[in-house]
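Visitor: Hi, I'm new to this one. Could you pull it up and walk me through it?

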Protein chains: 2
Amino acid sequence: MKITEAMQNYLKTIYRLQERDGVVSTSSLAIAMSVAAPSATGMMKKLVRYRTVRYTRYQGVVLTKTGRQIALEVIRHHRLLELYLAASLGYSWDAVHEEAERLEHVISEDFEERVFEALGRPTRDPHGEPIPTREGALPVWNHDSLADLEPGASGTIRQVRDSSPDMLRYLGARGLVPDAVIRVVDKAPFNGPLTVNVGASTHALGRDLARHIRVEMRPMLGEQE
Amino acid sequence: MKITEAMQNYLKTIYRLQERDGVVSTSSLAIAMSVAAPSATGMMKKLVRYRTVRYTRYQGVVLTKTGRQIALEVIRHHRLLELYLAASLGYSWDAVHEEAERLEHVISEDFEERVFEALGRPTRDPHGEPIPTREGALPVWNHDSLADLEPGASGTIRQVRDSSPDMLRYLGARGLVPDAVIRVVDKAPFNGPLTVNVGASTHALGRDLARHIRVEMRPMLGEQE
DNA sequence: ACTAGAATTTAGACATTCCTAATCATTCAA
DNA sequence: TTGAATGATTAGGAATGTCTAAATTCTAGT
Ligand SMILES: [Mn+2]
Ligand SMILES: [Mn+2]
Ligand SMILES: [Mn+2]
Ligand SMILES: [Mn+2]
C-alpha cells in the first residue's frame, strides 16, 4: 500500500486543479500531467483503490481527505525545499522549482523537520506561496491579481504565481518579487500594458505577466466618501 | 539511453565488490543488492547493452571505463550528501547514509557543485571515505585495519567503514571517529578484544568492531634498531 | 428528440524491474 | 574422470506506468 512517486504527482496536480476548477476532468488532468488521457484514467482507478480520490466514470475526480493530506504533504516538501535551495544554497528563484520537483519525493520527515527549523519555521516559499503546516493546514489568501488593479491603486506583492523560469528572471530583475511595494500608474485600454512603480523605477508590464502577480491592496487614499 | 536509478545502484555495488573481489559474481552481486539471482543476471544483460560492464556468462562482470565513471559519479553524490547532511543539517553520522542513499539519484550537477563549494571542497565524508573528484578520481589509501595492529602501536583513525547505524553510534559515543588518535594497549589472544586508548579514555573493542576501523599508523618509537 | 463531435474509457501493448521454478554449466571431490 | 553440489541462466509471470487505436458515453446544436 505504498504511495508511489507517480501517485504523489497526480495527487498534487489534482489538488491544484481542484482549487481552480472544482471537479477535475480527466483531460485537464492529463494535460497538466503531460500524459495521454488513458494514463490519467488508469491512475484514477488506482487512486480510488487507495481511497485518495472519489471518481465517477465520465464525471471527473475530487480528492478525499486522505488524498488531500498526501497532496499537502508533498506540497509542503516542495515549498520548503524551494525556500531552502534559495536561502541556503544560493539558488535563484527561477531555478528552485525544477530541483524541488525531484527532491520532494525522496526526503524523509526528519529532513523536512530539520530544514523547517533551519529556516526558522517559515510560512512562505520564494514565490510567496504559503507552506502547508505539518498538520496539513494551508491559509487561503485571496489577493488581487495585478491585472485587475486600476491606476492609482497600490499595495504589496504577495505572490508571483508559478510561471516559467524566463518570466521569473524577468520579473526578479525588475524587483517584482514578494513583499515589494507596487503602485499602478497607468493601465492601457484594449488589454494593453500596465505601467507600474516599484521602488524607484517604473515598468510597463503586459497583462499576461500582470496576471501572475498577486497583490495585497492598500486602501486608496481619498476614497472614503 | 537513460541510466535509471536501478542501474546506478547496480553500478555502484559492482564498483564496491570489484574493489574487494576483482571480478564480481552474479550471486555476490545479487546478495549485495538484496535481489534474487535472476534479477542480477537480467540487469547484467542490460548493463552490457549500455556498455557499462563487461560480462561473460557464468564468469561474472567487471565495469568498463564508462561504468566506473558512472559509479564514481553516484558515489561522489552520496559522500557529498552524507557530509552535507552531517555538517549543515545536524544529522548524526549514523543517520546520513540512509538519507543520502535516496538523494544521490535525484540531485542535479548544479546541486552537487553548490554543496561541494558550501562545504569548502571537501575530500572526505563523515566516515572518512574519500570523495571522488568531479573528474572521477579517487585516491586509494591503504590504511591498516585496527584489528591488525599490535599492542604499543598507535596512529590516527582515518576511516570507519560502512557499518550499521548501531555500530556507528557505539563507536561515535566512544570517540572512535576519523582523525581521532588511537593507541593499542592490549590485544587479547584467541581473537579476543583489543584494549585501546582514545583521548583520555580506554575501551575494549571486539575484533568485529576493530576490523571496521582503518588506522594510519605512526611509526613506533624505539623500533629503529 | 437526434446526432455529430468532443470527451472519456477500454483494449492491447511495451519497457522496467522484480519474482519463482526449472534448467543448465561449472567445479570439486571421490 | 565423473557426478553431485553449487552457481548461474532461462522461462514465464506480476506490478507499475506509459502509449496508440478503438469503442463508448456525454453534450450541444438543431
Ligand atoms: Mn513530510
Ligand atoms: Mn514555489
Ligand atoms: Mn554529479
Ligand atoms: Mn559514508
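Visitor: Which protein donors does the manganese ion (ligand 4) have?

Guide: They are B:Glu82 (OE), B:Asp125 (OD) and B:His127 (ND1), lying 2.0 to 2.3 Å from the ion. Donors here are N, O and S atoms within 2.8 Å of the metal (3.2 Å for Na, K and Ca), and water is not among the atoms, so sites may look incomplete. Keep in mind that this is a predicted model, where local features need pLDDT of at least 70, side-chain atom pairs count only at pLDDT 80 or more, and totals for chains, interfaces and linings use all residues. Residues are numbered from 1 along each chain as its sequence is written, chains are lettered from A and ligands numbered from 1 in the order in which they are written, and side-chain values use heavy atoms, with hydrogens and water left out.

Visitor: What spacing do those donors follow along the chain?

Guide: It's E-x42-D-x1-H. B:Glu82 sits in helix α4 (residues 65-89) of chain B, and B:Asp125, 43 residues apart from it, is in the loop between α6 (109-118) and β3 (144-145). Helices (H or I, at least four residues) and strands (E, at least two) are DSSP runs, numbered from the N terminus.

Visitor: Is B:Glu82 buried or exposed?

Guide: Buried, because its relative accessibility is 2%. B:Asp125 is buried too, at 6%. Buried means under 20% relative accessible area, exposed over 50%, partly exposed in between (1.4 Å probe, protein chains only).

Visitor: New topic: which residues of α3(B) are buried?

Guide: B:Ala40, B:Met43, B:Met44 and B:Leu47. The face turned away from them carries the exposed B:Pro38, B:Lys45 and B:Arg49.
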